[in-house]
Amino acid sequence: MLDVALSAEEPWPDQDWDAVATRAARAAIGLTPHGELLTSDAAVEISVRLTADDEVHQLNKQYRHKDKPTNVLSFPMVQSDLLETVTLNSDDGEVLLGDIVLAHGVCAREAAARGIALETHATHLIVHGTLHLLGYDHIDDGDADKMEAIEVDALASLGIADPYLIDED
């Protein structure tokens, strides 16, 4: 069973971000070999934090040594190759996959530049962040193609157009 623990603070607008984050995470997980996490007896948790650029800037500087805010950061708590073992052998029946943090200002500027709603862009970034929690990455082209394909399919299942086509326009 998947539980998305969400915290949203200003300047994020009032909205049902819990539903947005849950839909995005479920869509991403469901299209991976880890899809069984959605129906597992274990309580599988993802933490999503919607915050300001300043906080993401500090986290990015501290953990990635990049002195600027970014749209999304992901902090996996379980190595992807151990995910099934940890889920099945969890002492308390709970598994924290990790944390996803989105920066409002960066996300809002990117959404405006693409002519899409903030909710749409945030959905994409939560899908993207969830895949990082599952061990997906985009460091090399082959891995990037696999990750992008899952993102596109997950977003399509939510009625959202391919964000990479939008980027190319």
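Which elements do the buried residues of α4 pack against? They pack against β2 (43-51), α2, β4 (94-103) and α5, and the tour below returns to that helix after an overview of the chain.

**Before starting**

This is a predicted model, in which local features need pLDDT of at least 70 and side-chain atom pairs count only at pLDDT 80 or more, while totals for chains, interfaces and linings use all residues. Residues are numbered from 1 along each chain as its sequence is written, and side-chain values use heavy atoms, with hydrogens and water left out.

**Stop 1: the whole chain**

Display the protein chain as a cartoon. It holds 7 helices and 4 strands, where helices (H or I, at least four residues) and strands (E, at least two) are DSSP runs numbered from the N terminus. From the N terminus on, their order is β-α-β-α-β-α-β-α-α-α-α. Of the 169 residues, 43% count as buried; buried means under 20% relative accessible area, exposed over 50%, and partly exposed in between, with a 1.4 Å probe and protein chains only. Among contacts (heavy atoms within 4.5 Å) with a separation of 6 or more, 69% join residues 24 or more positions apart.

**Stop 2: the paired strands**

Select β1 (residues 2-8) and β2. These strands pair in the parallel sense over 7 bridges; two strands pair if DSSP finds at least two bridges between them. Within this pairing, D3 stands opposite E45 of β2, and the bridge partner of L6 in β2 is V48. Next add β4, which pairs with β2 in the parallel sense over 9 bridges. Here E45 appears again, standing opposite L96 in β4.

Now show helix α1 (residues 17-30) as well. Together, β1, α1 and β2 make a left-handed β-α-β unit. The reference for handedness is that a crossover is right-handed if, with the strands pointing away from the viewer, the path from the first strand over the helix to the second runs clockwise.

**Stop 3: two backbone features in loops**

Most residues other than glycine have a negative phi, and most peptide bonds are trans. Zoom to P11, in the loop between β1 and α1. The peptide bond from E10 to P11 is cis, with omega near 15°.

Then move to H65, in the loop between α2 and β3. Its phi is near 60°, a positive value in a residue other than glycine. H65 is exposed, with a relative accessible area of 68%.

**Stop 4: α4 and its surroundings**

Select α4 (104-114). Its buried residues are H104, G105, V106, C107 and A111. After the helix comes G115, whose phi is positive, near 70°.

Select L118 next, in helix α5. L118 is buried, with a relative accessible area of 18%. Leaving aside neighbours within four places in sequence, L118 is in contact with W12, P13, W17, H104, C107, A108 and A111. The C-alpha atoms of L118 and W12 are separated by 9.5 Å, although these residues are 106 apart along the chain.

**Stop 5: the largest pocket**

A pocket is found on a 1 Å grid over the protein atoms alone: whereas a cavity is a set of points where a 1.4 Å probe fits but cannot get out, a pocket is an open set with protein on both sides within 12 Å along at least five of seven lines, and lining residues have an atom within 4 Å of a point. Grid points are joined across faces, edges and corners, and a volume is the space filled by probe spheres set on the points.

The largest pocket holds about 360 Å³ of space. Select R64, V72, S74, H132 and H138, which lie nearest its centre among the 15 lining residues. At least two lining residues come from each of α2 (53-64), β3 (72-76) and α5 (118-133), and β3 supplies the largest share, 5 residues. The lining divides into 6 nonpolar, 7 polar and 2 charged residues; Ala, Val, Leu, Ile, Met, Phe, Trp, Tyr, Cys and Pro count as nonpolar, Asp, Glu, Lys and Arg as charged, and the others, Gly among them, as polar.

**Stop 6: the second largest pocket**

This pocket contains about 160 Å³ of space. Select N71, H124, L125, H128 and Y164, the closest to its centre of the 13 residues that line the second largest pocket. Two or more lining residues are given by each of α4, α5 and α7 (163-168), with α5 giving the most, 4 residues. By class, the lining of the second largest pocket has 4 nonpolar, 5 polar and 4 charged residues.
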